[in-house]
Protein chains: 2
Amino acid sequence: MTLKSLLLGVVSVIALSGNYSALADDVPSISEDALKVAAELRDEALKSSKGYDIVESLTTEVGPRMAGTPGDAAAVKWGVAKLEELGFDKVWTEPVTFPTWKRGIETAEVVAPYPQPLVITALGFSVGTPEDGLTAELVEFDDLAALEASEEDSAKGKIVFIKNRMKRAKDGSGYGPAVSARTRGASEAAKKGAVGILIRSIGTDSDRMAHTGVMNYEEGIKKIPAAALSAPDADLLENMLRRGKPVIVKMTIGAKQGKEYTSHNVIGEITGSEKPEEYVIIGGHLDSWDLGTGAIDDGAGIAITTAAAELIGRLPERPKRSIRVIMFANEEQGLLGGKAYAKAHKDKLDNIITAAESDFGADRIWRIDSKVKKEALPVVMEIANLLKPLGIEYGNNKAGGGPDLIPLRQLGISVFSLRQDGMDYFDYHHTPNDTLDKIDPEALDQNTAAYVVLAYIAAQMEGDFGGGFTKEQ
Amino acid sequence: MTLKSLLLGVVSVIALSGNYSALADDVPSISEDALKVAAELRDEALKSSKGYDIVESLTTEVGPRMAGTPGDAAAVKWGVAKLEELGFDKVWTEPVTFPTWKRGIETAEVVAPYPQPLVITALGFSVGTPEDGLTAELVEFDDLAALEASEEDSAKGKIVFIKNRMKRAKDGSGYGPAVSARTRGASEAAKKGAVGILIRSIGTDSDRMAHTGVMNYEEGIKKIPAAALSAPDADLLENMLRRGKPVIVKMTIGAKQGKEYTSHNVIGEITGSEKPEEYVIIGGHLDSWDLGTGAIDDGAGIAITTAAAELIGRLPERPKRSIRVIMFANEEQGLLGGKAYAKAHKDKLDNIITAAESDFGADRIWRIDSKVKKEALPVVMEIANLLKPLGIEYGNNKAGGGPDLIPLRQLGISVFSLRQDGMDYFDYHHTPNDTLDKIDPEALDQNTAAYVVLAYIAAQMEGDFGGGFTKEQ
C-alpha cells in the first residue's frame, strides 16, 4: 500500500462500512473492495488474449472499412454481433451521417529526365486529375512554412513537392508539426499557382508505401489533386532534383466525392446496478482507412476496450455505474462519430462519469493522464497505483482523452488518456501495412488490463471526477 | 605478421627479389609489396563512399531495369557511360539474347465469405488469367512437399495456396528450402488439377508487399497463373481458412510473354601491365526486378565491384593482370548474362585467374570462402589476413562464387565468395522495398574494401589459383 492510499485510509474504511452517500459529491473515493476487484480484473486481463481475438475477428471478417464503403456497413454489423456475442447487456446503434469520398486509380511516374514509376496514394478528399493524368514540372519546398513564405506564383503551373520528414517519438509529438503539409498543403500550393501537390508521406518508416489521411480544401481556393509519396520515392525525387534538371512528373488520380452516407456508432453497455444512467465511456473508432485492414488504427482500440468491458461483464455482480463501449463511426474523415455522439448526448453530460478512447496503436501503455477535478485526484492516484505493475506511470491532469472525445471534452467532460508507446505507430499508420501481424498480443493484454482498471474504478467510485472542463477554464 | 605469412617468408623474399617466373606455376605467392598496397587500397576503400555514389546514380537515373524493358536498355547505356567516366581502360558490351516477360495488372480479392482485397504480385513468366479474372475456391497446403504428396485431383478446379514460411538466416540458407514453392509450385499444382496458385511470398518480412521472382513451367503440364501473396495476406487467408467455410478468391493477372530481346553484359577492364590477357572477374548483375529500384539486388553488387576496380585504376601503376568488372545482363530470369559470358569465353578459361560476384545485398561481408588449388591456399590466407580488420573470417575452400558465375564454375574456374550478412536481405528481396534507403554507405565501403583486396592480390600474385574444378572433382 502506498503513502497516498494510506492517506485515504479513513475514506476507505468509511466506504467499506457501506455509508457512501454522505461523501458522494464532496470527497470522491474508492473502496478497498473495489481496488481488490480491479486488481483481479487487471491480472485476469493479462492472461486473457480476448483483445487479440477481437481484433483478429475484425480484421479477418471485415478488413478495410473506410467510411461509407461496404466495409463500413460490414463493420457496423460485425460490431453489433460481437457485442451481443460477448454478453453486453444492451447493444444499440446511433446514426452518423457524412459526405463520402472514393479512391480510384492512383499512379505517378517521373516522365523526365529519369523515367521511372513512383508509389503514391491520394489524400482523403482529394479531387482527381483529368482522366489521362496531370503532367507538370516539380517544384520542391522544405516544408509547408517554406511554401507559404515563398513568393506569389512560386509554383505556377507546377506540381508542388513538400519534403518535410516527420520525427519519430514515443508520444507521437512528431505528427502535429508534420501533418499540416497533408491537411493544408493543397490549398497553400494552389494559392501559389500549383496544379497539383505531392507530399512526403507523414510517417516514420522507410517502406515503399505511401500514407494516406484526410486533407481539407480552403473555401474559395482552387481544388488541386493531392497525394502522398512513399518515403523512398520522396528520397528519389530529392536525389533527382539535386541534379539540377527539371523533373517532370505525371500523376493520375481517380478519386472523387461520393454520396452522403449514414453509418452508425455502435454501442455496447454493461448496465450498472446502482446508477445505471451514469456511465463510463471507453472505446475506439470502428472505421479505418482503406489501404490496410485497420488492425492498429483502430481495430486495436476497439479490441482493447471491448475486452476490458467484457471482463467486467463476467463479474458475478454488475458495477454500480454503467460502462459503455463506443465504437465510433468515421473518425478518419473528421471525427464524425464523436461529433454525432456529443450532439446526441449533450443534454445529459452529467451522466458521463469519465471517458477514454484507445486510438494510438497496439503498443504498451506507459503513462496515464487525467482530466478531473482536484478533489478526485486521490482516486486517480489509486488507479495509477493499480497500473504501476503494468509499467504505467502517472503523468498530469491535462489529459486529451482521444480524438473522438474531443467534441465531448470541449463540452467539459472528465477524460483520461492511457498513453501508448507510439514509437512505431507512424511506421504503419494509414498504410497497407496496418495489418494484424503488427500487433503483439501481450501488449494488447497490457492495454486491456489498464482499461479494465480505469473503467471499473470509475464505475465503482464514490463521488465523481467532476466536469465543466471547457477550454476557458 | 601472422604465423601463416611467416611460413611464407621464403617465398616472399624470393618474390621480392624479382625472380617470380621460376615459382610461377608451382607455388603461388604474393609479394610483401603487393600486400602493402592491398592494405592501403582496403583502407582507402573504407573512406571512399564511391560505391554509394554508384548505386545512388543507378537507382536514381535508371531505377527498375527488368530484363527486356526500356529500363534494361537504359541500364546498359548507364553502365557503359559510368565505366568510361570512372576511367576504366576498356569498356565494351557483349550481347545476351533471351525471351522476355511482361507484367500486367495484378489484383486479387477474397470474394467470400469475407470480401476484402489481397496484395499479390505475379511470378516471373507466369501466364495471365482470363481478362475478367479467375475465381475459384482456395485449397491450402503446408508446403510444396505436401502438395506433391496429396492425392490426385486434390486441387481440382481450385486455386492452390502454399503457405510455407521462409526462415531468416545470416547465410540465407532459408531461401533454398522455401523457394521451390515459387519455382515449381505452379506445375505441381496443375498436376493436381489446380486452375491457379498463390504462394506465401518467399521472404522474411512482414510487410504488405509481395515478393516476385522467376518460376518455371514443367514441359507438358498445363500452365496456370502463379502469384505471390504478401506475408500479411497469407496470414489473413490462413485465418479465414481456419474458420472452416470455403474461401473463394478472385485473381486477375495480365502477365504475358514478350518478344525475344537482346541486352548486353557490360564489361569494364583495368588492363594489366604484365599479363593483360589474364584477368580477375568481379561484378554483379545489372538487371533487377521491376517492383523496386534494384538497390540491394543488385545495384549494390555493381557498385561495390565497380568501386573496387576503380580504386585499383587510381594506382600509379596498373596491376600485372587485368581486372574485369562484369555487369551481367538478366540474372533474374535465369542467369542469361552469366551463361552468355561462359559460352563466349569458354575456350579461354585459363585466362580467368579467379572470379567473385557480389549479389546478396548490401550488408557487411563476414566470411570469405575460396575455391582454389591446395597449393594456392597460402595466398588465400594472406587475403584472409588482410580482410580480418574488416571483420571477415576465412570459411572453407568450397566457394560458390555467385549466381552469374555458376556457368563458369561448372566449367571449372576458381572462384571466391565474399559472403555478406543476409539477415535482412530477404525482407526486401524482389519487392518494391528494394530501394536506396536500405543501403548503409559504411557497410558498402566495407564490401568495396574486401573486393579491392581480393581483386588486387589475384591480379598481382605469382602463380595462380588453379582450375578444372568441375563438379566431378
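Here are legends for five close-up views of this predicted model.

**View 1. Helix 9 of chain A packs against helix 14 of chain A.**
Helix 9 covers residues 295–313 and helix 14 covers residues 441–460; their axes sit 8 Å apart, at an angle of about 50°. Angles between 35 and 65 degrees fall outside the parallel and perpendicular classes, so helix 9 of chain A and helix 14 of chain A count as oblique to each other. The crossing of helix 9 past helix 14 in chain A is right-handed. On the helix 9 side, look for Ala300(A), Ile304(A), Thr305(A), Ala307(A), Ala308(A), Leu311(A) and Ile312(A). They meet helix 14 residues including Leu444(A), Asn447(A), Tyr451(A) and Tyr456(A). Sorted by class, this contact has 11 nonpolar and three polar residues, with no charged ones.

**View 2. An open sheet of eight strands in chain B.**
Reading across, the strand order is 4-3-10-6-7-8-9-5, and the pairing is mixed. Strand 4 (116–118) and strand 5 (120–122) of chain B are the edge strands; each has a single partner, so one side of each has no neighbour in the sheet. On average, neighbouring strands here are turned by 30° against each other, direction ignored.

**View 3. Strands 8 and 9 of chain B, with helices lying across the sheet strands.**
Strand 8 (residues 196–200) and strand 9 (residues 226–229) of chain B run parallel and are joined by four bridges. In one of these strands, strand 9, Ala227(B) is the bridge partner of Leu198(B). Helix 7 (residues 175–191) of chain B lies across strand 7 (159–162), strand 8 and strand 9, running at about 150° to strand 8. Helix 8 (residues 231–242) of chain B lies across several strands, among them strand 3 (106–112), strand 6 (134–141) and strand 10 (248–253), and runs at about 135° to strand 4.

**View 4. Chain A and chain B superpose by a rotation of 180°.**
The shift along the rotation axis is 0.0 Å, and the RMSD is 0.0 Å. That's the relation of a two-fold axis. As for the interface, 100% of the chain A interface residues are also interface residues in chain B, so the copies meet through the same surface.

**View 5. Helix 4 of chain A crosses helix 8 of chain B.**
The axes of helix 4 (residues 50–61) of chain A and helix 8 of chain B come within 10 Å and cross at roughly 100°. That makes the two helices roughly perpendicular. Glu56(A), Thr59(A) and Thr60(A) meet Leu236(B), Asn239(B), Met240(B) and Arg242(B). By class, the contact between these helices has two nonpolar, three polar and two charged residues.

Note on methods
Residues are numbered from 1 along each chain as its sequence is written. Chains are lettered from A and ligands numbered from 1 in the order in which they are written. This is a predicted model: local features need pLDDT of at least 70, side-chain atom pairs count only at pLDDT 80 or more; totals for chains, interfaces and linings use all residues. Side-chain values use heavy atoms; hydrogens and water are left out. Axes are lines fitted to C-alpha atoms, for helices over the stretch in contact, and angles run from 0 to 180 degrees between N-to-C directions. Angles under 35 degrees count as roughly parallel, over 145 as roughly antiparallel, 65 to 115 as roughly perpendicular and the rest as oblique. A crossing is left-handed if the near helix is turned anticlockwise from the far one by less than a right angle, and right-handed if clockwise. Contact means heavy atoms within 4.5 Å. Ala, Val, Leu, Ile, Met, Phe, Trp, Tyr, Cys and Pro count as nonpolar, Asp, Glu, Lys and Arg as charged, and the others, Gly among them, as polar. Two strands pair if DSSP finds at least two bridges between them. Copies are superposed by least squares on the C-alpha atoms of residues with pLDDT of at least 70 in both.
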